[in-house]
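Please read the points below beside the sequence and the model. They are meant for someone meeting this structure for the first time.

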Amino acid sequence: MTDAADPRDRYDFASDNTAGLFPEALETFVAANEGFVPSYGEDGWTAAATGSIRDLFEAECDVYFVFNGTAANALALATLCQSYHSVICHRAAHVETDECGAPELFSHGAKLLLGEGEGGRLDPASVERLATARADLHYPKPRAVTITQSTELGTVYAPDQVAAVGDVCRRLGLRLHVDGARLANALVSARTREAGASAADLTWRAGVDVLSLGGTKAGMGLGEAVVFFDRALGEEFAWRCKQAGQLASKMRFVSAPWSRVLADGSWLRHAAHANAMAQRLADGLAAIDGVELVHPTEANEVFVSLDERARQALRAGRWVAYDFVGGGTRLVCSWATTEAAVDQLVADVRTGPGG
């Protein structure tokens, strides 16, 4: 809602990318700076991080670390596809709306086919329609499906919803990828807790073949993990990472925080805090005239429709927010969001411009 950065602007809710590193990640990053260790992921920090991820998912998966989410998604999908294939995703998916064609670039042309589904969740029936629409040589052959967890609209796939997509994929011979930039928030969401689901239940047990596991938005400095539950799919992924400029020579600085934040539970603990702050924000805003929730608040994002008075109030308070895909103004909570900041934003919108 603002075109130029201003030191007076408040970026607390602009994105979970605007927060710094949470303490446990920062401490481990600094600890990894000690001494000399092997390069290119042959170090003990990376081995420990890989072990922590395997423990989280209760699986002997293969793990690769890359610098950012775009690379994780694009390289994972490129591994699943040839250039003449297609990938089915929700029309609001991040790979479609916010990655500048990276999946198409790294797959050398595989096409994204856009599906539908309520609340940003891809409907299994939509997957089947797109996958079976045609079988001739003039149609890019469907080969993979990707879903976003939590979704671009702030909603969460329950385990049975992931499994429903996974079932269609298995029946039609498609591979299933998950963009898990905010998987931590999904794992601690009310929908997941009510189902008694684990990380394994939301992924490989539900038919997921490969996962882009997000650390940056959760509060780590940089680096995502690409996790292959079907290990055969990732046999040559190391070469793909190297060619794409995603193999860090000082890999320990990408991988080290993972070794601690999964083992001590801080990754999920901070995500739970972000979700709780989002619910507090949603409840506060929903009680104000001129403000309406656009989507259910199921993770750490809040989508609201604002009348002109509320918009002006947000601007007057210098709160930076974005009008977003699917409609509505998006406000995002992070590990660093405070109750005081939530309450101040709500008060500013309630009072209106000019106080």
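1. Two strands are said to pair if DSSP finds at least two bridges between them, and the helices and strands themselves are DSSP runs numbered from the N terminus, with H or I over at least four residues for a helix and E over at least two for a strand. On that footing, four strands form an open sheet in the order β8-β9-β11-β10, and their pairing is antiparallel. The strands β8 (291–293) and β10 (322–323) stand at the edges, each with a single partner strand, so one side of each is left without a neighbour in the sheet.

2. The model is a predicted one, in which local features need pLDDT of at least 70 and side-chain atom pairs count only at pLDDT 80 or more, whereas totals for chains, interfaces and linings use all residues. Residues are numbered from 1 along each chain as its sequence is written, and side-chain values use heavy atoms, with hydrogens and water left out.

3. Within the open sheet, strand β9 (residues 301–306) and strand β11 (residues 329–332) pair in the antiparallel sense over four bridges, and Val304 has Thr329 of β11 as its bridge partner. Helix α13 (residues 308–316) packs on this sheet and touches β8, β9, β10 and β11, where contact means heavy atoms within 4.5 Å. The direction of α13 makes about 125 degrees with that of β9, the axes being lines fitted to C-alpha atoms (for helices over the stretch in contact) and the angles running from 0 to 180 degrees between N-to-C directions.

4. Strand β7 (residues 224–228) deserves a separate look, since five of its five residues are buried, a word that here means under 20% relative accessible area, while exposed means over 50% and partly exposed lies in between (1.4 Å probe, protein chains only). Glu224, Val226 and Phe228 point one way from β7, and Ala225 and Val227 point the other way. Strand β1 (residues 62–66) pairs with β7 in the antiparallel sense over five bridges, with Tyr64 standing opposite Val226. Strand β6 (residues 210–213) also runs antiparallel to β7 and is joined to it by four bridges, and there Leu211 has Val227 as its bridge partner.

5. Which residues have the most contacts inside the largest nonpolar core? They are Ile53, Phe65, Val145, Leu213 and Trp267, in a core of 49 residues, a nonpolar core being a set of buried Ala, Val, Leu, Ile, Met, Phe, Trp, Tyr and Cys residues joined through side-chain atoms within 4.5 Å. Helix α7 (residues 159–172) supplies the largest share of this core, four residues. Leaving aside neighbours within four places in sequence, the contacts of Leu213 include Ile53, Phe57, Trp258 and Trp267, and also Glu224, Ala225 and Val227.

6. Helix α3 (residues 69–80) is mostly covered, with ten of its twelve residues buried, among them Asn73, Leu75, Leu77 and Thr79. Its twelve residues should span 16 Å at 1.5 Å a residue, and the end C-alpha atoms are 17 Å apart, which agrees; the expected span is 1.5 Å times one less than the number of residues. In the loop between β1 and α3 is Asn68, which counts as partly exposed at 35% relative accessibility. The C-alpha atoms of Asn68 and Leu222 are separated by 6.6 Å, although these residues are 154 residues apart along the chain. Beyond its neighbours within four places in sequence, Asn68 is in contact with Glu224 and Gln246.

7. How many disulfides does a search of the whole structure find? The search finds zero, a disulfide being a pair of cysteine sulfur atoms within 2.5 Å. For Cys81 the nearest cysteine sulfur, that of Cys89, is 11 Å away. Cys81 counts as buried at 8% relative accessibility, and Cys333 counts as buried at 0%.

8. Met277 lies in helix α12 (residues 266–286) and counts as buried at 5% relative accessibility. Not counting residues up to four places away in sequence, Met277 touches Cys333, Thr337, Thr338, Glu339 and Val342.

9. Thr28 lies in helix α1 (residues 23–31) and is buried, with a relative accessible area of 6%. Its contacts, apart from neighbours within four places in sequence, are Trp45, Ala256, Pro257, Ser259 and Arg260.
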